[in-house]
Amino acid sequence: IAGPTAVIANPLIVDETSILDGFSVVSGNADGLPPGIGGTIFDNRGGGIYVKNSSPKLVNLLVRNNSADDWGGGLFNDQGAPILSRSILVKNSAGRGGGMASYEGRPVVEDSSIRDNDAIYGGGLYYEAAQLGSTSGVTIDGSQFILNRGDDKGGGIALRYGSHRVVDSQFRSNSTEVGVHPADRITGVYNDGGGIWLHHGQLDLLQSVLWGNDADDNGGGLFAEGSSSNVSVVGTTVSRNIARRTDNASDDSGAGLYAEHGQLLVDTSVVAGNQAYFGNELGYWGMDLRRPGGYHARDYVEICGDPDTTTVIVRNSCIGTLFWHAGSGNVDADPGYWTDGETEWGEERTSGPFNNDEVGELRLKNGAACIDMGDNYADFEPSMPGYQRAPDTDITGAPRTVDGNADGEAIIDMGAYERQTEN
């Protein structure tokens with residue numbers, strides 16, 4: 001199907017042979033009777049597009065203002081392998097996956113923008129595999145998740161089970177239920193994972209960006225839970241994410257990356273300038289804040305992993321504090337903020353790795369400590385068999401592994417952006 005705009009009352013049903021190209025899907029809804037009282041799953045999933053066990057190509061689409069009572073406001077995939085390419089999903093809403101949702105299957109999202117969508121789980125995207133240990137999952141390549149909101153988990157994306165790959169993609173200004181006072185929350189429910197939420201699954205986050213995401217509880221950039229969770233963050237930049245866990249000042253909020261259980265690997269990455277509230281305090285950088293009787297919880301602002309249940313490996317990376325992560329080729333990268341009002345522990349910071357992270361400009365500035373400090377032999381596909389070298393280009397398409405500090409040796413930079421040689 002090719003054409004301009006479809007204003008629809010029921011979702012478009014696409015099959016194995018379908019190709020949607022240059023089409024707008026607007027104002028669809030799936031709000032029928034729920035299963036058990038006269039309805040079917042189809043009646044409340046896939047407000048705009050419904051993919052059933054097939055592999056259509058969905059190209060150059062605008063999917064806007066669609067809604068579903070259950071899964072997939074813009075698009076729902078049921079055990080298929082659709083390819084969503086060069087498309088925009090905007091202002092859609094659902095219970096799970098405001099922009100799109102998938103049950104099982106192997107959907108691919110490439111070169112697309114998913115923005116300003118709403119859901120309870122996974123404002124931009126929700127994926128759920130059938131069971132723990134499933135090898136199915138979503139692939140996200142060269143895409144942007146911006147300004148999506150998850151009322152409960154995963155402002156940008158929420159992933160339950162499965163094995164997932166995210167490369168050359170950006171998660172910016174996504175959020176979970178920001179502004180809700182702890183007393184108004186449902187007891188035992190925490191709004192984790194402003195950018196990404198993972199439950200008992202595997203995730204490779206490769207050469208990507210988490211910036212400005214906001215969680216009302218833990219894991220401003222990313223939150224992973226479950227003993228089977230295995231997260232690899234390689235060649236990625238994580239900055240200006242916020243965790244707002246204000247109901248218990250002793251909790252460790254992990255504003256950048258939070259792994260509650262399982263394993264977290266951070267390699268050849270930048271994790272700096274993330275912010276966390278403890279009580280009513282805003283803590284920057286996760287500095288080594290020595291206090292009588294031990295260390296302040298803000299030591300965990302950048303990266304947090306429960307020492308009893310999580311294996312955290314950080315190497316060859318630029319971290320806002322080196323207290324827990326000294327050695328292994330890591331360097332200190334002060335993000336350069338002013339600790340407004342923190343006269344007891346804070347001080348003015350003037351150095352930092354980025355050109356202007358306040359507005360999301362995360363390319364490395366001249367002289368940054370992260371330049372030529374990565375690992376040329378880092379495995380950029382940790383879940384694939386064997387060793388996979390770094391890609392030829394960085395997240396912007398500029399050459400990767402160049403001599404950015406002009407010392408005569410080309411070494412990969414930490415983070416998603418490669419500093420190019422001065423002209």
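The exercises below deal with a predicted model and cover a sheet, two pockets and one proline.

**Exercise 1. The sheet**

Task: State how many strands form the open sheet, give their order, and find the edge strands.

Solution:
- Step 1. Count the strands: the open sheet is made of 10 strands.
- Step 2. Read the order, which is S3-S7-S11-S15-S19-S23-S27-S31-S35-S42, with parallel pairing.
- Step 3. Look for strands that pair on one side only; these are strand S3 (19–21) and strand S42 (310–315), the edge strands.
- Step 4. Check the angle between neighbours: on average, neighbouring strands of this sheet are turned by 5 degrees against each other, with direction ignored.

**Exercise 2. One pair of strands**

Task: Describe how strand S7 is joined to strand S11, and name the residue opposite valine 59.

Solution:
- Step 1. Locate the strands: S7 covers residues 57–59 and S11 covers residues 83–85.
- Step 2. Count the links between S7 and S11: there are three bridges, and the two strands run parallel.
- Step 3. Go to valine 59 and look across to S11, where serine 85 stands opposite.

**Exercise 3. Two pockets**

Task: For the largest and the second largest pocket, give the volume and describe the lining.

Solution:
- Step 1. Start with the largest pocket, which has a volume of about 200 Å³. It is lined by 15 residues, and the closest to its centre are Val138, Thr139, Ser163, His164 and Arg165.
- Step 2. Ask which strand gives the most to this lining. Strand S23 (163–167) and strand S27 (202–206) each supply at least two residues, and S23 gives the most, with three.
- Step 3. Sort the lining of the largest pocket by class: four residues are nonpolar, seven polar and four charged.
- Step 4. Turn to the second largest pocket, with a volume of about 170 Å³. Its lining has 11 residues, of which Arg363, Leu364, Glu418, Arg419 and Gln420 are the closest to the centre.
- Step 5. Sort this second lining as well: three residues are nonpolar, three polar and five charged.

**Exercise 4. Proline 391**

Task: Place proline 391 in the chain, decide whether it is buried, partly exposed or exposed, and list its contacts.

Solution:
- Step 1. Proline 391 lies in the segment after strand S46 (361–364).
- Step 2. The relative accessibility of proline 391 is 31%. Buried means under 20% and exposed over 50%, so proline 391 counts as partly exposed.
- Step 3. Leaving out residues up to four places away in sequence, proline 391 touches Gln207, Phe380 and Arg400.
- Step 4. Take glutamine 207 from these contacts: it is 184 residues from proline 391 in sequence, but 9.0 Å away in space, C-alpha to C-alpha.

Notes: Residues are numbered from 1 along each chain as its sequence is written. This is a predicted model: local features need pLDDT of at least 70, side-chain atom pairs count only at pLDDT 80 or more; totals for chains, interfaces and linings use all residues. Side-chain values use heavy atoms; hydrogens and water are left out. Two strands pair if DSSP finds at least two bridges between them. Helices (H or I, at least four residues) and strands (E, at least two) are DSSP runs, numbered from the N terminus. Axes are lines fitted to C-alpha atoms, for helices over the stretch in contact, and angles run from 0 to 180 degrees between N-to-C directions. On a 1 Å grid over the protein atoms alone, a cavity is a set of points where a 1.4 Å probe fits but cannot get out, and a pocket is an open set with protein on both sides within 12 Å along at least five of seven lines; lining residues have an atom within 4 Å of a point. Grid points are joined across faces, edges and corners, and a volume is the space filled by probe spheres set on the points. Ala, Val, Leu, Ile, Met, Phe, Trp, Tyr, Cys and Pro count as nonpolar, Asp, Glu, Lys and Arg as charged, and the others, Gly among them, as polar. Buried means under 20% relative accessible area, exposed over 50%, partly exposed in between (1.4 Å probe, protein chains only). Contact means heavy atoms within 4.5 Å.
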